[in-house]
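User: I would like to go through this structure and ask, for each label, what earns it. Could you set the values against the cut-offs for me?
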Amino acid sequence: MSTFSFISETAWRCASCNKELHPRKVNVEYMGSVFNVELMVCPVCGFVLIPENLALGKMLEVEQLLEDK
Amino acid sequence: MADGTRTDILARTESVCPTCLRRLPAMREKQGEDVYLVKKCPEHGEFRTIIWRGPLPFSSWQRPKKASPPRQTFTDTEKGCPFDCGLCPDHGQHTCTALIEVTSRCNLRCQVCFAAAGDHGAADPPLERIAFYYDRLLAASGPCNIQLSGGEPTVREDLAEIIRLGRDKGFSFLQLNTNGIRLAEEEGYARSLKAAGLSSVFLQFDGISDEVHQALRGRALAAVKERALVNCGFAGLGVVLVPTIMPGVNSGEIGSIINYAARFSPTVRGVHFQPVSYFGRYPHQPHNSARITLPEILLLLEEQTRGKVAASLFAPPACEHALCSFHANFLVQDNYRLQGITSWQQTCCAAAEANVEIPSAVEGREKNISFTARQWAAPKACVCPPTMVQENEDELDYFLRRAKTHTFSISGMAFQDAWNLDLERLQGCCIHVVSPEGKVIPFCAYNLTSSEGRALHRTWDV
């Protein structure tokens, strides 16, 4: 299985640490499920960037698909 | 209590006397971990019926909603609940699912039957009368989900026409409540109902062993049920397995039913448990040991699936009263294992932190109608092999693809009988039956009978 990857050059920096973000494998827990993904992460504090295309793309699709009563 | 167990009154509500059906004040009374509905008739004495048993905290099972009265009522409030059902203006929830009893005939003689089918020889309502039932529902609440029930609806030769009529009237989700015998035995029958517009089959399914079917339905039906499932699968009909759980009879098969159901995903869209209730003639109060409560089923689910179906995943309902049901959603993985895909804890904690306003009952009803219609019908997406993760697919892609076809719901609903009837629950009921005269009556009120078999709303006694 390929790893779900959202690595891309980004102008975003970590606001707390003022560091450039680096690609890293992380486990994302979303809607009760864990996904193995690669995201841009602050090397110091571990803060993760969720890019807009992920939040409004696949993550939104998951949310709509799993909408509960 | 004499044994030193502490007793607390949790809430005051109302009920009826199981013998004379007069309305009585009642209490939800906690005794140790268990909760009882307690009431006293001046003529027939005290009744103490278990409504919650075991270590899952009763206090955690809440989902308040603001009452939302029916759009159009067909009765006035005169004698008070539960005597004015029609619905009356005091009812707090709209119809989410309406049952239309298309016949009282049946091709089984079950020990357990809420409708006391087959006993009274009432004639089947003609098609024009069923059109009137559909119209009454549209007037009372607007489009809702329909369950064609009975008796055994498949004994009617014009069932496809009844389905077509419902579609023409604007109902988009029609479900058939059936024992599955005709679906299993008649070539092409499932396809003909699908072609008429049927969305889903609510298949009576008490267990995987013939012993269970024999005990509850008087006939070995395991092979029949499986043939019905296969035929529904080929016809493109979604199926919900519906076990009536009776302690000591099939309470040991809860985990096996789930495993069996998952192997038939995506034809099987979910399992819906119904703890046994005591409608009909019961001269003596059914013993509390003959009852099983919702939290007990949750714990048996967890135990018998070795923790795969955890009790903590389940939520009280958005639509009906919290004490009436539980539900949780899952994804059936390639190896047929179930993965929980919602977390009630997350949802309820987030709501508490956000100090969210109590929603109106009608909001829950809208959610429930669309969720049920989506989950209990066959998946819209094509179930194309191969199902394993593809070369260029990431985990999220796989999850999305799989979830379009292999979501799976586990739910349970506790019906109320003359002993455990709680009028607060009844007033929040969203499962309604259309009576022969066209009244819309909450399911548990419609089927309520005194211990002597006198029906409160049905036109025949048992």
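Analyst: Happy to. In this predicted model, B:G151 is found in the loop between strand 6 (145-149) and helix 2 (159-169) of chain B. The peptide bond that leads into B:G151 from B:G150 is cis, with omega near 15°.

User: What is the omega of the peptide bond from B:C81 to B:P82, and where is B:P82 placed?

Analyst: That bond is also listed as cis, with omega near 5°. B:P82 belongs to the loop between strand 4 and strand 5 (97-101) of chain B. For background, most peptide bonds are trans.

User: What makes the phi of B:L21 worth a remark?

Analyst: Its sign. B:L21 has a positive phi of about 65° although it is not a glycine. As a rule, most residues other than glycine have a negative phi. B:L21 is in the loop between strand 1 and strand 2 (23-31) of chain B.

User: Is B:L21 buried or exposed, and how do you know?

Analyst: Count the C-beta atoms around the residue. B:L21 has 21 other C-beta atoms within 10 Å, and a residue is buried at 20 or more. B:L21 is therefore buried.

User: And B:Y336: what is its phi, and which burial class does it get?

Analyst: B:Y336 has a positive phi of about 70° and is not a glycine. This tyrosine lies in the loop between strand 12 (325-332) and strand 13 (338-340) of chain B. Its count is 14 C-beta neighbours inside 10 Å. Buried needs 20 or more and exposed needs 12 or fewer, so B:Y336 counts as partly exposed.

User: How do you know whether B:R269 is buried or exposed?

Analyst: By the same kind of count. B:R269 has 27 other C-beta atoms within 10 Å, and the cut-off for buried is 20 or more, so B:R269 is buried. This arginine is found in strand 11 (residues 268-275) of chain B.

User: Which residues does B:R269 touch, leaving out those up to four places away in sequence?

Analyst: B:R269 touches B:G238, B:V239, B:V240, B:Q375, B:W376, B:F408 and B:S409. There is also a distance to B:S200: the two residues are 69 residues apart in sequence and 9.1 Å apart in space, C-alpha to C-alpha.

User: Why are helix 2 and helix 4 of chain B called roughly parallel?

Analyst: Two packed helices are described by the angle between their axes and the distance between the axes. Helix 2 and helix 4 (residues 189-196) of chain B pack at an angle of about 25°, with their axes 8 Å apart. Angles under 35 degrees count as roughly parallel, so helix 2 and helix 4 of chain B get that label. Their crossing is right-handed.

User: What makes the contact between helix 2 and helix 4 of chain B?

Analyst: From helix 2 of chain B come B:L159, B:A160, B:I163 and B:R164, which meet B:S192, B:L193 and B:A196 in helix 4 of chain B. By class, the residues of this contact are five nonpolar, one polar and one charged.

User: At what angle do helix 1 and helix 2 of chain B cross, and with which hand?

Analyst: The axes of helix 1 (residues 127-141) and helix 2 of chain B come within 10 Å and cross at roughly 35°. Helix 1 of chain B passes helix 2 of chain B in a right-handed crossing. Helix 1 brings B:L127, B:I130, B:A131, B:Y134 and B:L138 to the contact, and helix 2 brings B:E161, B:I162, B:L165, B:G166 and B:K169. These residues divide into seven nonpolar, one polar and two charged.

User: What are the domains of chain B, and how far apart are their C-alpha centres?

Analyst: Domain 1 of chain B is 7-57, and domain 2 is 97-377 + 391-446. Their C-alpha centres lie 27 Å apart. The contact takes 15 residues from domain 1 and 16 residues from domain 2. On the domain 1 side, strand 1 (7-16) and strand 4 (45-52) of chain B each supply at least two residues. Strand 4 gives the largest share of that side, five residues. That side has nine nonpolar, four polar and two charged residues.

User: Finally, what is the secondary structure of chain A?

Analyst: Chain A has two helices and four strands, in the order β-β-β-β-α-α along the sequence. Buried residues make up 16% of its 69 residues.

Technical notes. Residues numbered from 1 in each chain as written. Chains lettered and ligands numbered in written order. Predicted model: local features only at pLDDT ≥ 70, side-chain atom pairs only at ≥ 80, totals over all residues. Domains from an automatic or database assignment. Contact = placed C-beta atoms within 7 Å. Nonpolar A, V, L, I, M, F, W, Y, C, P; charged D, E, K, R; others polar. Axes fitted to C-alpha atoms, helices over the stretch in contact; angles between N-to-C directions. Left-handed = near helix turned anticlockwise from the far one by under 90°. Parallel < 35°, antiparallel > 145°, perpendicular 65-115°, else oblique.
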